[in-house]
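User: Hi! I'm new to reading protein structures, and I'd like to learn how the labels people use are justified. Could we go through one together?

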Amino acid sequence: MTDHRHSALAYIGLGSNLASPRDQLARAMASLAALPVSERVAASSLYASAPVGPQDQPDFINAVVAVRTRLSPLALLDQLQAIEQRHRRVRHRHWGPRTLDLDLLWFAGLNCRFPRLTLPHPEMIHRRFVLEPLAEIAPTLSLGGELPGCLANRLEDQPLQRLSA
Ligand code: ROI
């Protein structure tokens with residue numbers, strides 16, 4: 001896609017802690033690069049993170065991807081959910097382990113609330129596993145007037161390790 005008119009920048013969070021998480025993220029990265037009328041413009045490193053929420057589950061692998069898209073927010077959400085389904089996402093319980101989680105974090109700076117989607121993602125500013133990878137690819141992004149790196153620094157109690165590529 002080379003026509004950038006009416007396109008929007010969006011950030012997507014990736015997470016997995018089941019069924020070879022690194023492979024899940026590698027496949028998801030490829031799927032995100034192939035989204036219709038979209039272009040993947042950046043991908044963070046992979047990060048290993050201790051589970052936020054219930055602790056009795058494996059550690060997660062997390063990353064963040066930036067895409068430039070001509071899809072609407074809800075059309076992009078549909079695409080993300082289709083990719084999750086293709087990874088045979090199993091959700092055993094709320095906040096439990098999952099094969100692949102794709103969260104639409106931020107879309108063109110919009111603040112909006114649809115029945116299926118709240119933007120920006122309401123939990124992202126509390127999650128180091130989102131903020132650190134986001135700071136890597138979008139260090140100047142304003143989240144309510146704050147930088148992802150500054151928000152991340154306040155969450156040092158959430159163990160996170162950047163993995164070499
Ligand atoms: N914890 C970490 N570290 N990474 C995740 O992607 C993640 N996703 C979730 C919950 C269960 C809240 N915890 C997580 O959905």
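Analyst: Happily! One thing to keep in mind is that this is a predicted model. Let's begin with Ala 108, which sits in the loop between strand S5 (101-107) and strand S6 (112-113).

User: Why is Ala 108 called partly exposed?

Analyst: Partly exposed covers the range between under 20% (buried) and over 50% (exposed). Ala 108 has a relative accessibility of 41%, so it counts as partly exposed.

User: What makes the phi of Ala 108 worth pointing out?

Analyst: Most residues other than glycine have a negative phi. Ala 108 is not a glycine, yet its phi is positive, at about 55 degrees. Val 37 is another case: its phi is near 40 degrees, again a positive value in a residue other than glycine. Val 37 belongs to the loop between helix H1 (21-33) and strand S2 (38-43).

User: How do you know which exposure label Val 37 gets?

Analyst: Use the cut-offs of under 20% for buried and over 50% for exposed. Val 37 has a relative accessible area of 44%, so the label is partly exposed.

User: Which residue gets the label exposed, and why?

Analyst: Ser 164 does, because its relative accessible area is 63%, and exposed means over 50%. Ser 164 lies in the segment after S8. Its C-alpha atom is 7.3 Å from that of Ser 45, although 119 residues separate the two along the chain.

User: What is notable about the bond between Leu 119 and Pro 120?

Analyst: Most peptide bonds are trans. The one joining Leu 119 and Pro 120 is cis, with omega at about -15 degrees. Pro 120 is in the loop between strand S7 (118-119) and helix H3 (128-137).

User: Let's turn to the ligand. How do you know where it sits?

Analyst: To sit in a pocket, a molecule needs more than half of its atoms within 2 Å of the pocket's grid points. The ligand sits in the largest pocket. Residues around the ligand include Ser 49, Ala 50, Phe 60, Asn 62, Trp 95 and Arg 98.

User: What makes an atom pair between the protein and the ligand a polar contact?

Analyst: The pair must be N or O atoms within 3.5 Å of each other. A polar side-chain atom of Ser 49 is 2.7 Å from a nitrogen atom of the ligand, so that pair meets the cut-off. A backbone N or O atom of Ala 50 also lies 2.7 Å from a ligand nitrogen. For Asn 62, a polar side-chain atom is 2.8 Å from an oxygen atom of the ligand. As for cover, the ligand on its own has 360 Å² of accessible area, and the protein covers 97% of it.

User: Why is Ser 49 called buried?

Analyst: Its relative accessibility is 3%, and so Ser 49 counts as buried, the limit being under 20%. Ser 49 lies in strand S3 (residues 47-49). A polar contact of 2.7 Å joins its side chain to that of Asn 62. Beyond its neighbours within four places in sequence, Ser 49 has contacts that include Asp 59, Phe 129 and Leu 160.

User: Is Ser 16 buried or exposed, and how do you know?

Analyst: Ser 16 has a relative accessible area of 0%, so it is buried. You'll find Ser 16 in strand S1 (residues 8-16). A polar atom of its side chain lies 3.4 Å from the backbone oxygen of Leu 18. Leaving aside neighbours within four places in sequence, Ser 16 touches residues including Pro 21, Phe 60 and Arg 98.

User: What makes Pro 133 a buried residue?

Analyst: Pro 133 has a relative accessible area of 0%, so it meets the limit of under 20%. Pro 133 is in helix H3, whose buried residues also include Phe 129 and Leu 134. The buried residues of H3 pack against elements including S1, S3 and S5.

User: How do you know that Pro 133 and Ala 63 come together in space?

Analyst: Their C-alpha atoms are 5.8 Å apart, while their places lie 70 residues apart in sequence. Contact means heavy atoms within 4.5 Å, and Ala 63 is among the residues in contact with Pro 133.

Technical notes. Residues are numbered from 1 along each chain as its sequence is written. This is a predicted model: local features need pLDDT of at least 70, side-chain atom pairs count only at pLDDT 80 or more; totals for chains, interfaces and linings use all residues. Side-chain values use heavy atoms; hydrogens and water are left out. Helices (H or I, at least four residues) and strands (E, at least two) are DSSP runs, numbered from the N terminus. Buried means under 20% relative accessible area, exposed over 50%, partly exposed in between (1.4 Å probe, protein chains only). A polar contact is a pair of N or O atoms within 3.5 Å; within protein, one must be able to donate a hydrogen and the other to accept it, and residues adjacent in sequence count only if both atoms are side-chain atoms. A residue is near a molecule or strand if one of its heavy atoms lies within 4 Å of it. Accessible areas come from the Shrake-Rupley method with a 1.4 Å probe; for residues, only the protein chains shown count as cover. On a 1 Å grid over the protein atoms alone, a cavity is a set of points where a 1.4 Å probe fits but cannot get out, and a pocket is an open set with protein on both sides within 12 Å along at least five of seven lines; lining residues have an atom within 4 Å of a point.
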